[in-house]
Amino acid sequence: MTYHISAFYHFRRSETRLQNLEAIKTDLEKKAEELNVKGLLVLGHEGINTTCSSSSKESLDAFKKWIIDYFQAANIAFKDSKADKPPFRRYKVKIREEIVTTGIPEMMPPEGKNQHLTPTEWNKVLKEESDYVMIDTRNWYEYNIGTFKGAINPNIEKFTDFPEFIENQGISKEKKMLVFCTGGIRCEKGILELQKQGYHNVFQLEGGILNYLAEYPNDQYNGECFVFDHRVSVDQNLAPSERYTLCPHCGQPADTTIECKRCDYHEKICVTCLNEPVKQDTCSKNCANQWVLHPGRKGARQLLPFELENMAATLGEKSPVKEIRVTRKKVTRINEKGEAETVILP
Ligand SMILES: [Zn+2]
Ligand SMILES: [Zn+2]
């Protein structure tokens, strides 16, 4: 089955900031359920930031149209992609002080454009100019799996470290500065910090990497782009990653397969955990803990909640699951009528 995915955000002007967030949350959830749309939406007084998906293109289009009407936001830029597996299991709205976390909630992007470059304009600068500084405003582990050629990695854990990073660089205020992120929202705030520090020749990539790759795959961007759902990352054609999964120990993108010495399961581990004893050859937090407690003892793999959910979905939604039994070789689902169905693990 094909799942249609859209990522987008919308900032409000100070005089039209969103009120009654709980009521908006209810409206969003009601509409998503009605149209069978899944996803995650961050809602705040400053606006919305979301990725959502549906197995029906019509439903997703209807949802987008409804969002435009509901928020009176004609200028939303939707970044669309597709996947074979559902990127979300449910629809969830989270209310937050900021819709993209910077730790500086008073930073408010102005209405409309603020030094945005379209992917075409961005490409032109990268190919024809050389006197600029390009900064990746994402986290270090996102930078590690893919970024623009020549981009600087601030190596920061959180956005509140960004102002100090820039100050310490000692870059001339006259210098042309380029900033980018996954879908453009982080830069809407990041550029404000640069402008505050006196950089006036600064530009941001409109719609971020996702918008760029839609127009220019395999051009100035190298590697994959981390996304915040079950796909983990997307490749140059915005297709879900076949390379990365999330590291079971720390949640960062992982691409090195190990065989767990406790349960023999094959799992991908990230580069950081590959250098840590125990983590480097166990498939999960549970196996790592058990191995420390009982070194050398073999045991069954413990399935994670989302794996149980996936397993239940694979077995069909016929009737509610009463019990799931997991051994090293198989998973058995027992429904309320006492009927058992079994899946042999790979
Ligand atoms: Zn890890
Ligand atoms: Zn294991």
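Two strands count as paired when DSSP finds at least two bridges between them. Keep that in mind as we walk through this predicted model, beginning with one such bridge: Leu-117 has Leu-205, in strand E10, as its bridge partner.

**The parallel sheet**

Leu-117 belongs to strand E6, which covers residues 116-117. E6 and strand E10 (residues 202-205) pair in the parallel sense, and 2 bridges link them. His-116 also has a place in this picture, as it stands opposite Gln-204 in E10.

What lies beyond this pair? An open sheet of 4 strands, running in the order E6-E10-E9-E7 with parallel pairing. Its edge strands are E6 (116-117) and E7 (132-136), and each of them pairs on one side only.

E10 also has strand E9 (residues 176-180) as a parallel partner, this time over 3 bridges. Here Leu-178 is matched with Phe-203 of E10.

The bridge partners found in E10 can be set side by side:

| Residue | Partner in E10 |
|---|---|
| His-116 | Gln-204 |
| Leu-117 | Leu-205 |
| Leu-178 | Phe-203 |

Now look at the two faces of E10. In a regular strand, side chains alternate between the two faces of the sheet. Are the faces of E10 covered or open? Both are covered. Val-202 and Gln-204 are buried on one side, while Phe-203 and Leu-205 are buried on the other.

**A helix that is mostly hidden**

Helix H7 spans residues 208-215. Why is H7 described as largely enclosed by the rest of the structure? Because 6 of its 8 residues are buried. These buried residues are Gly-208, Ile-209, Leu-210, Asn-211, Tyr-212 and Leu-213. For the protein as a whole, 36% of the 346 residues count as buried.

**Two helices that cross**

Next comes a pair of helices. Two packed helices are described by the angle between their axes and the distance between the axes. Helix H5 (residues 162-169) packs against helix H6 (residues 185-196) at about 45°, and their axes are 10 Å apart. An angle from 35 to 65 degrees is neither roughly parallel nor roughly perpendicular, so H5 and H6 are oblique to each other. The crossing of H5 past H6 is right-handed.

Which residues meet there? From H5 come Phe-162, Pro-163 and Ile-166, and from H6 come Gly-190, Glu-193 and Leu-194. By type, the residues of this contact divide into 4 nonpolar, 1 polar and 1 charged.

**The mixed sheet**

The model has another open sheet to explore, made of 5 strands in the order E4-E1-E3-E2-E5, with mixed pairing. Strands E4 (79-83) and E5 (91-95) are its edges, each pairing on one side only. On average, neighbouring strands of this sheet are turned by 10° against each other, ignoring direction.

Within this sheet, strand E2 (residues 38-44) and strand E3 (residues 47-54) run antiparallel and are joined by 7 bridges. One of the matched pairs is Leu-41 with Thr-50 in E3. Helix H1 (residues 21-35) packs on the sheet, where H1 touches E2, E3 and E5. The direction of H1 makes about 170° with that of E5.

**Stepping back**

How many helices and strands does the protein have? There are 9 helices and 20 strands. Among contacts between residues at least 6 apart in sequence, 57% join residues that are at least 24 apart.

Key:
Residues are numbered from 1 along each chain as its sequence is written. Chains are lettered from A and ligands numbered from 1 in the order in which they are written. This is a predicted model: local features need pLDDT of at least 70, side-chain atom pairs count only at pLDDT 80 or more; totals for chains, interfaces and linings use all residues. A residue is buried if 20 or more other C-beta atoms lie within 10 Å of its own, exposed if 12 or fewer, and partly exposed in between; C-beta atoms are placed from the backbone. Two residues are in contact if their C-beta atoms, placed from the backbone, lie within 7 Å. Axes are lines fitted to C-alpha atoms, for helices over the stretch in contact, and angles run from 0 to 180 degrees between N-to-C directions. Angles under 35 degrees count as roughly parallel, over 145 as roughly antiparallel, 65 to 115 as roughly perpendicular and the rest as oblique. A crossing is left-handed if the near helix is turned anticlockwise from the far one by less than a right angle, and right-handed if clockwise. Ala, Val, Leu, Ile, Met, Phe, Trp, Tyr, Cys and Pro count as nonpolar, Asp, Glu, Lys and Arg as charged, and the others, Gly among them, as polar.
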